[in-house]
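This report describes selected parts of one structure for a reader who has not seen it before. The sequence and model come next.

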Amino acid sequence: MPLTTRLRAALLAGTVALAGAAPRAAWADEQYFPLQSYRVGPYAAGGTGFFGGFIDYLNLINVRDGGVNGVKLTWSEGETQYEVERGVEVYERLKSRPGIAAWNPLSVGIAYAMIDRVTADKVPLITINHGRTDSTDGRVFPYVFPLLLNPYSETSGIIQYLGTRAGGLDKLKGKTVAVLYHGSPYGKETIPIYARLAERYGFTVAQIEVPHPGNEQQSQWLTIRRLRPDFVVLRGWGVMNPVALKTAQKTGFPADRIVGNVWSNSEEDVIPAGDAAKGYVAITTQASGTAYPVIQEVVGRVYAAGNGNLADRKRIGSVYHNLGVLNGILNVEALRIAQARFGQRTLSGDEVRWGFEHLRLDEARVAALGAKGLFHSINVTCANHEGEGRVTFQQWDGAKWTVVSDWIAPDWASLRPIIEASATAYAKERGITPRDCAAEEAAAAAR
Amino acid sequence: MDALPRAAPRRRPSAGTLGLGALLVLAYGIVPLTGTSYVFEALLTPFLALALAGLGLNLLTGYAGLLSLGSAAFMAVGAYAAFNLSLRLPGLTLPVSLLLAGFVAALAGLVAGLPALRLRGFYLAVSTLALQFFVAWALNRIGWISNDSPSGVVTAPRLVVAGLSFDDPRGRYLVTLTVVTLLTFVAWRLVTSPTGRNLVAIRDNETAARLVGVRVARTKLLAFAASSFVIGIAGALWAFAYLRTVEPAGFNLDRSFQILFIVIIGGLGTLRGAFLGAGFIVVLPLLLSRLGAALLGDGFDSGTLEMVQRVVLGALIVAVLIREPAGLAALLDRAGRRLGRRAA
């Protein structure tokens with residue numbers, strides 16, 4: 001039976017490959033990034049852009065500086081298709097590699113499944129711009145870092161911006177904001193925080209659900225037309241975004257009064273909507289375009305040598321690509337900071353965690369990194385794993401995004417008690433004793 | 001559908017029992033001592049959980065001939081029921097909450113089975129599809145189910161049985177293996193009992209079954225309840241022992257199809273089929289992916305690799321089903337007979 005013979009041979013070869021994947025010999029001076037990327041499936045546009053930018057930056061550091069203080073950066077990818085169980089499989093497959101710096105899945109579902117695992121394995125988990133809101137509380141989630149932005153501060157940032165559009169936060173009183181959200185846990189996550197902010201600033205909020213995938217929104221936009229809101233916040237995902245913009249145009253709602261959230265802010269969200277997207281505004285933590293020195297260096301040093309990761313060079317400087325580059329900057333700087341304390345060598349996951357917890361990049365340092373204007377600053381501490389990321393707003397002109405606001409600071413102080421309450425409840429449920437950050441710092445300083 | 005008589009050799013226990021015994025010794029004795037965390041966490045635990053789900057669906061589709069596209073919904077019901085039971089009734093031990101979760105899923109199965117009294121074939125499949133969408137809608141809409149977690153994703157409780165923690169890769173594997181072994185035994189008892197023969201009778205000819213005195217409505221509902229009981233526990237294992245998180249998106253229609261394919265490729269109407277099918281659908285893609293990575297190196301574009309893998313897997317499925325439409329279980333049987341003849 002030739003087929004079964006062949007099948008058996010294939011199985012055997014697979015088993016051999018499995019056995020041969022035992023940890024490789026560690027080189028003294030390498031730091032490894034396991035990448036749970038997604039280049040296939042419905043979210044491939046985001047995955048190729050983000051992981052492309054991340055790899056481009058790691059490449060740049062290797063080519064330009066010879067690594068971080070001589071420690072070479074390495075990486076390898078495992079395809080997840082944005083599916084949780086594939087993400088877990090890739091985690092289990094790559095976690096035994098030596099010198100792992102941090103995990104960067106860019107997927108809420110995969111990140112949730114990894115929280116217990118990275119905590120047991122003592123390796124940082126970076127969920128830039130997304131992830132579990134209460135993991136901002138580093139006392140309860142020592143290894144999880146929702147850098148720059150979590151869903152709550154994103155919402156606060158959007159309301160702050162709407163305040164500037166209205167002429168001051170006090171002018172929001174009496175206004176109506178409609179939130180068009182994706183019918184999923186992700187979409188619903190910010191409903192309570194909108195309600196809270198509406199109460200505080202005296203505006204009315206109307207939450208309107210769009211069932212997944214959202215390719216038909218006629219009735220939702222008729223509701224919006226009846227409500228006559230001052231602004232519509234688009235909390236969308238995938239195909240829902242261009243459809244929302246097109247339907248808004250059909251029902252006569254002006255695009256410049258629609259404000260997109262962080263998953264509705266990419267080129268892939270607006271280009272399919274064509275003209276309907278002109279004037280649309282969206283929040284971002286990192287500006288788009290190639291004008292920044294660090295992006296120029298990526299083009300000049302990495303792409304010019306033919307080592308660029310994006311298949312389409314036109315996507316350099318796009319929202320997801322720049323987010324990937326920014327993610328690279330944050331990871332590399334955390335390594336640098338940790339190396340300054342622990343030595344210029346391959347660091348353990350726990351040492352890198354210390355680096356992330358002292359990741360302070362002020363505006364001067366950001367400028368020195370060639371990223372002035374790309375992002376504002378970050379200040380991560382043991383207790384605050386988000387790091388006070390500022391947000392800005394960009395407007396689509398039909399061909400590119402242009403920044404139309406200052407760097408806006410969300411109202412972190414008013415969000416902190418909600419986050420702490422949620423984290424404390426989690427700690428109680430799981431039997432975790434929150435860390436004493438002040439004591440840890442004092443102990444570290446005394447050593 | 002003629003695979004059944006060949007695949008259930010009840011009267012000749014010798015070779016089968018020996019093989020089963022060897023398998024159990026391997027699974028309990030040798031694998032836990034030699035396996036790595038990757039083997040437990042990424043290969044065996046999901047394999048066992050999905051094989052159990054396939055086993056449950058096989059009771060319904062393979063034995064009773066009732067087509068269902070709602071398997072993922074039953075898994076979700078089981079997973080969220082187990083989560084809520086262990087959250088809200090802290091006194092419950094893990095086996096009890098798993099068992100109760102199975103009963104909750106069985107209840108859902110009974111409701112989903114009501115249309116089966118009137119509908120058959122693809123029409124029934126469509127009505128189970130309604131359940132699939134209803135469960136997804138309810139999970140998204142009713143915050144209580146996910147303990148009002150803002151994102152709808154909940155973290156599974158720790159695995160503790162009788163004060164012993166099974167919260168390491170090996171422990172989770174052993175818990176899964178034990179549950180799967182017990183339920184497989186129960187399923188085997190069921191399909192070899194008169195009730196099991198009634199299921200097959202209904203599948204093969206409902207009118208004839210009714211004429212010889214099979215209580216068709218009762219048996220169909222029983223098939224739905226038993227099947228969703230098993231699938232519900234599989235869902236709880238999938239969430240608790242494998243992913244350690246429960247999210248609605250993980251129990252979508254794709255998962256239902258995956259389980260249906262496990263049953264079809266493995267072999268309808270056989271208990272082994274679910275395990276063979278799960279091996280094919282869960283483990284083989286991982287082996288292919290590791291093989292590809294080993295052959296091409298880390299630098300190769302993972303997207304292209306994934307596409308190649310899909311093509312290879314698709315071709316394999318077509319090849320197997322052309323060779324043996326009754327699935328891998330029948331293929332194995334034939335290979336076994338051929339070997340036996342050669343030896344004699």
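Just after helix α8(A), R228(A) takes a positive phi of about 50 degrees. This is a predicted model, in which local features need pLDDT of at least 70, side-chain atom pairs count only at pLDDT 80 or more, and totals for chains, interfaces and linings use all residues. Residues are numbered from 1 along each chain as its sequence is written, and chains are lettered from A and ligands numbered from 1 in the order in which they are written.

Helices (H or I, at least four residues) and strands (E, at least two) are DSSP runs, numbered from the N terminus. A residue is buried if 20 or more other C-beta atoms lie within 10 Å of its own, exposed if 12 or fewer, and partly exposed in between, with C-beta atoms placed from the backbone.

| Set in α8(A) | Residues |
|---|---|
| Buried | Q220(A), W221(A), I224(A) |
| Exposed, on the face turned away from the buried side | Q218(A), S219(A), L222(A), R226(A) |

The buried residues Q220(A), W221(A) and I224(A) cover an arc of only 90 degrees around the axis, which puts them on the same side of α8(A). The arc is that of the directions from the helix axis to the C-beta atoms. The buried residues of α8(A) pack against β5, β6, β7 and α9 of chain A.

In chain B, L52(B) is in contact (C-beta atoms, placed from the backbone, within 7 Å) with V180(B), L183(B), V230(B), I233(B), A234(B) and L237(B), leaving aside its neighbours within four places in sequence.

Notes: Contact = placed C-beta atoms within 7 Å.
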